[in-house]
Amino acid sequence: MSNQAPNHARVIPLRPSAGRPGTTRPADRPPTPREPLWRDLVGDVLRRERQAQERTLKDVADTARISMPYLSEVERGRKEASSEVLAAAARALGLSLGDLLARAQGELVRLTSRTSRTTQTSRAGSTATTSSHNGLCLAA
């Protein structure tokens with residue numbers, strides 16, 4: 001048995017939490033909404049389309065020649081799939097890669113325009129403007 005005092009670890013968060021004591025945000029600034037991730041949007045489109053066709057994950061994965069666990073991870077937004085994998089999954093669902101990306105882009109515009117309106121509304125008296133992004137731009 002040791003006579004030393006217990007060693008209590010001190011955890012320092014990388015990002016302060018809004019609800020944590022000692023972390024405050026200026027009263028005039030609303031919380032910044034989280035921007036949607038591209039992998040989440042693409043995964044949502046793939047899953048919705050697969051379910052709309054009443055197809056199983058295994059069926060689509062086999063047709064696309066992708067492992068079922070990997071396709072599941074892509075649909076859940078856990079994996080950042082390559083363009084080849086996305087094209088194969090889209091083809092297995094009867095879509096082109098362009099169709100898949102256009103649907104994901106439409107979802108992005110819908111979500112960010114809603115977020116922009118919410119942010120704009122919450123800034124009482126602010127003259128900030130938001131822009132609408134109607135194009136699709138991907139960079140590798």
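1. A polar contact is a pair of N or O atoms within 3.5 Å. In this predicted model, one such pair stands at the start of helix α3, where a side-chain oxygen of S67 comes to within 3.2 Å of the backbone nitrogen of Y70.

2. Helix α3 comprises residues 68-75, and its buried residues include L71, S72, V74 and E75. These residues lie on the same side of α3, because the arc they cover around the axis is only 160°. The buried residues of α3 pack against three other helices, namely α1 (38-52), α2 and α4. Just after α3, G77 adopts a positive phi of about 75°.

3. Further along the chain, the loop between α4 (83-92) and α5 contains G94. This glycine, G94, counts as exposed because its relative accessibility is 65%, the cut-off for that class being over 50%. The C-alpha atom of G94 is separated by 10.0 Å from that of Q53, although the two residues are 41 apart along the chain.

4. Confidence deserves attention when the model is read. The average pLDDT of the chain is 80, and 59% of the residues score at least 70. Confidence is highest in helix α2 (residues 57-64), with a mean of 98, and lowest in helix α5 (residues 97-122), with a mean of 81.

5. Residues 124-133 call for a separate remark: pLDDT stays under 50 throughout this stretch, for which the model has seven contacts beyond four places in sequence. Where pLDDT is low, predicted coordinates should not be read in detail.

Key:
Residues are numbered from 1 along each chain as its sequence is written. Side-chain values use heavy atoms; hydrogens and water are left out. pLDDT is the predictor's confidence in each residue, from 0 to 100. Helices (H or I, at least four residues) and strands (E, at least two) are DSSP runs, numbered from the N terminus. Contact means heavy atoms within 4.5 Å. Buried means under 20% relative accessible area, exposed over 50%, partly exposed in between (1.4 Å probe, protein chains only). The arc is that of the directions from the helix axis to the C-beta atoms. A polar contact is a pair of N or O atoms within 3.5 Å; within protein, one must be able to donate a hydrogen and the other to accept it, and residues adjacent in sequence count only if both atoms are side-chain atoms.
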